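Trainee: I should like to examine this model with you, beginning with its surface and ending with its aromatic rings.

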Amino acid sequence: MSASSTASGQQRGGNVQAALIGMLDSKPFCDRLIQACRAITGRSEQKLLHRESVYKLSQPAGTAPKTLQYELRVRLGKTASSDSDKFVQPMSLICYGDSLPVHPSTDRVFRPEDSKRRLPKPSLRRVVEVEVGHTCDDFLKLFGFEVDYIFIRSGQQFVCGTNDRCTIMISEIHHLHSHQQTPKLERDAAGKSVDNIFLVEVHAVSADETPASVEVAVRDVLALADKLSPYVTLNCPDDRKVDGPKLQ
């Protein structure tokens, strides 16, 4: 990461992200969901192709492993609107914090008076995203980080809500264990290829870290989850890991 790229980089996030995820196991179901997202957001989807490197602290031989209170990813994006063949390829550094507790004032959102069912609780995490240059990997290595694993997501995304703070991502996940490896589809615990499995992620980022602002993000995610409920069941991601693929 060069000094100039840091100075000119645009920071996105820096607040709290509310997130829910779900899975679809067939292309027809995925196509139905995409049609529903177009109707709900009033927009065409963006094609996306993301390569994300997840980093961990390097461990010298004979030392005890260190547990980070955050997760670092470098994302090389490649997106284009559905009506355009022109792609852009920004690179960004994303830092996800550990899960945050739900503020007592927000807890009432999950059991509305007019509903008998309790709504799913989104995960809450601080997130900072900053545009970086292509020397970011070298920069992180200087500070003692190394690549843990790499994954590639391909699919569609929809951006909506106030100030475009809400995102719906529908993607297939591929993973790599080295930079030279050919991307492979996700595999199950038995090592068999998993075809036509689509990861659905619904995110909303708060305007700041105040309880009122976080509650708005939670309400936005729950509103989208309710509209999408005929097409996909959304739940909270794993409590410890950020909402990424669980690689075997």
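Trainee: How much area does the protein expose, and what share of it do carbon and sulfur atoms supply?

Mentor: This is a predicted model, in which local features need pLDDT of at least 70, side-chain atom pairs count only at pLDDT 80 or more, and totals for chains, interfaces and linings use all residues. Residues are numbered from 1 along each chain as its sequence is written, and side-chain values use heavy atoms, with hydrogens and water left out. Accessible areas come from the Shrake-Rupley method with a 1.4 Å probe, and for residues only the protein chains shown count as cover. The protein exposes about 13,500 Å², of which carbon and sulfur atoms supply 52%.

Trainee: What percentage of the residues in the protein is buried?

Mentor: Buried means under 20% relative accessible area, exposed over 50%, and partly exposed in between (1.4 Å probe, protein chains only). Of the 248 residues in the protein, the buried share is 41%.

Trainee: Which class of aromatic pair do Phe139 and Phe143 form?

Mentor: Rings of Phe, Tyr and Trp (its six-membered ring) pair if their centres lie within 6.5 Å; planes under 30 degrees apart count as stacked, over 60 as edge-to-face and the rest as tilted. The search of the whole structure finds 2 aromatic pairs. For Phe139 and Phe143, the centres are 5.0 Å apart and the angle between the planes is 40°, so the pair is tilted.

Trainee: Are Tyr149 and Phe151 buried or exposed?

Mentor: The ring centres of Tyr149 and Phe151 lie 6.3 Å apart with planes at 35°, so this pair is tilted. As for accessibility, Tyr149 and Phe151 are both buried.
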